[in-house]
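Subject: A structure to look through

Hi there,

Here is the structure I promised to pass on to you. Please open it beside this email and follow along as you read.

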Amino acid sequence: MVCEREHTRTSGNQITLNEQFEKSYFKLFPSAFLTYALNEKNKLQTSYSYRVQRPSFWDLNPFRVYTDPFSYSEGNARLNPAYEHAFELGYTFSNKYIFTLNYASRTDVVNDILGRDLSNPYITYERPENIGSFKNFGVSFIAPTQLTSWWSATHFANIYQNKYEIPQDEGLISRKGNTLTLNSQNTFKLTKDWSIEMGGNYASGLTIGLSQIKSYGQLYTGIQKNILNKKASIKLVVNDIFRTNSRRYETVSSAIRLVGRSNPDSRTAILSFNYRFGGNGETNSQRSTGSEEIKNRL
């Protein structure tokens with residue numbers, strides 16, 4: 001069991017708007033981890049942690065930025081950090097397949113809201129607020145596979161539900177949505193130290209506060225060549241081959257409904273060269289859990 005102590009003090013001075021703010025708070029963040037081996041190939045893991053999600057600098061900065069003559073975004077110096085209780089139960093089967101159940105409950109959730117400017121009802125604004133409470137429940141599965149001597153893969157599936165309770169003018173409203181995410185990474189070993197990697201990810205949609213993000217996904221591929229007696233490698237990777245990693249979203253507040261689409265420049269090609277100095281490159285490094293590592297790629 002671990003317990004971290006943290007004292008936070010923040011202060012700001014927005015010279016242009018002549019606004020000052022200051023916050024000071026002290027918190028304890030305990031966490032506990034327990035692993036039980038059923039036998040040599042199967043084990044159970046459970047964990048609990050109390051976490052904090054702090055507003056970013058730009059969330060706190062009240063400076064106003066106009067995106068067009070009729071809309072602007074601004075920060076909110078009055079934001080409070082969000083606090084979360086997180087529980088996780090995992091089962092590792094045959095030392096490689098990982099099943100995980102997780103639950104999280106968060107208060108003072110920070111999320112962007114939409115509204116109309118009081119001085120001009122034809123102008124809309126976007127501003128982060130502490131909108132209410134949030135609960136998340138999910139189950140995930142990781143399956144590494146060695147299909148042939150030259151084809152290995154890791155597959156990840158996660159289904160979860162986000163549920164928000166948000167105070168509005170008309171009372172407390174509830175918003176919830178289910179999400180399925182899939183990720184697959186495949187490596188094919190070729191002759192003469194060549195290898196190919198192919199993969200992709202998909203999300204069926206996502207509920208975040210007052211916003212609903214539609215389904216999206218992408219495919220990527222890469223080719224690698226080991227050289228200099230396998231001490232170095234050259235790798236070319238192309239991400240989002242078909243430019244499908246766009247975001248379609250809908251945000252609904254008490255007075256405004258916003259529908260939009262974001263098309264990031266996500267189709268990229270990266271050429272890299274890696275060289276290992278000393279050793280054989282097989283030293284063990286500190287590991288996070290497999291589920292956390294692959295989740296971060298989604």
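Below is what I found in it, going from the whole protein down to single residues.

Before anything else, please keep in mind that this is a predicted model.

**The protein as a whole**

The protein has 298 residues, and 33% of them count as buried. Its secondary structure consists of 2 helices and 18 strands, so you will be looking at strands for much of this email. If you follow the C-alpha trace along its principal axes, it spans about 70 × 45 × 35 Å.

The accessible surface is about 19,200 Å², and carbon and sulfur atoms account for 54% of that. As for charge, the protein carries 35 positive and 26 negative charges, and the mean positions of the two groups lie 8 Å apart.

How many of the contacts between residues at least 6 apart in sequence join residues at least 24 apart? The share is 54%.

**The strands at the start of the chain**

Now please find strand 1, residues 2–14, and strand 2, residues 19–37. These two pair in the antiparallel sense, with 13 bridges between them. To find your place in this pair, look for Ser11, which stands opposite Glu22 of strand 2.

Strand 2 also pairs with strand 3, residues 43–53; these two run antiparallel and are joined by 7 bridges. Together strand 2 and strand 3 form a hairpin, with 5 residues between them. Two bridge partners are handy to look at here: Ser31 is matched with Ser49 in strand 3, and Ala32 is matched with Tyr48 in strand 3.

Which strand pairs with strand 3 over 11 bridges? That is strand 6, residues 82–93, again in the antiparallel sense. In this pairing, Val52 has Tyr83 of strand 6 as its bridge partner.

**The nonpolar cores**

Next, have a look inside. The largest nonpolar core has 7 residues: Val109, Ile113, Ile131, Phe134, Tyr164, Ile166 and Leu210. Three strands each supply at least two residues of this core, namely strand 7 (97–117), strand 8 (120–146) and strand 9 (151–168). There is also a second, separate core of 5 residues, including Tyr160, Ala203, Ile213 and Tyr216.

Phe134, from the largest core, is a good residue to click on. Setting aside its neighbours within four places in sequence, Phe134 is in contact with Glu84, Ala104, Ser105, Arg106, Val109, Asn162, Lys163 and Tyr164. Val109 and Tyr164 in that list are fellow members of the core.

**A loop residue to finish with**

Finally, go to the loop between strand 10 (171–189) and strand 11 (194–203), where you will find Asp193. Why does Asp193 count as partly exposed? Its relative accessible area is 35%, and partly exposed covers the range between the buried limit of 20% and the exposed limit of 50%.

Not counting residues up to four places away in sequence, Asp193 touches Gln224, Lys225, Asn226 and Lys230. Ile227 is 34 residues away from Asp193 along the chain, yet their C-alpha atoms are separated by 7.7 Å.

Enjoy exploring, and write back with any questions!

Best wishes

Notes
Residues numbered from 1 in each chain as written. Predicted model: local features only at pLDDT ≥ 70, side-chain atom pairs only at ≥ 80, totals over all residues. Heavy atoms only, no water. Pairing = 2+ DSSP bridges. Helix = DSSP H or I, 4+ residues; strand = E, 2+ residues; numbered from the N terminus. Buried < 20%, exposed > 50% of the residue type's maximum accessible area, 1.4 Å probe, protein only. Contact = heavy atoms within 4.5 Å. Areas by Shrake-Rupley, 256 points an atom, 1.4 Å probe, with all protein chains shown as cover. Lys, Arg positive; Asp, Glu negative; His and termini not counted. Charge placed at Lys NZ, Arg CZ, Asp CG, Glu CD. Core = buried A, V, L, I, M, F, W, Y, C linked by side-chain atoms within 4.5 Å.
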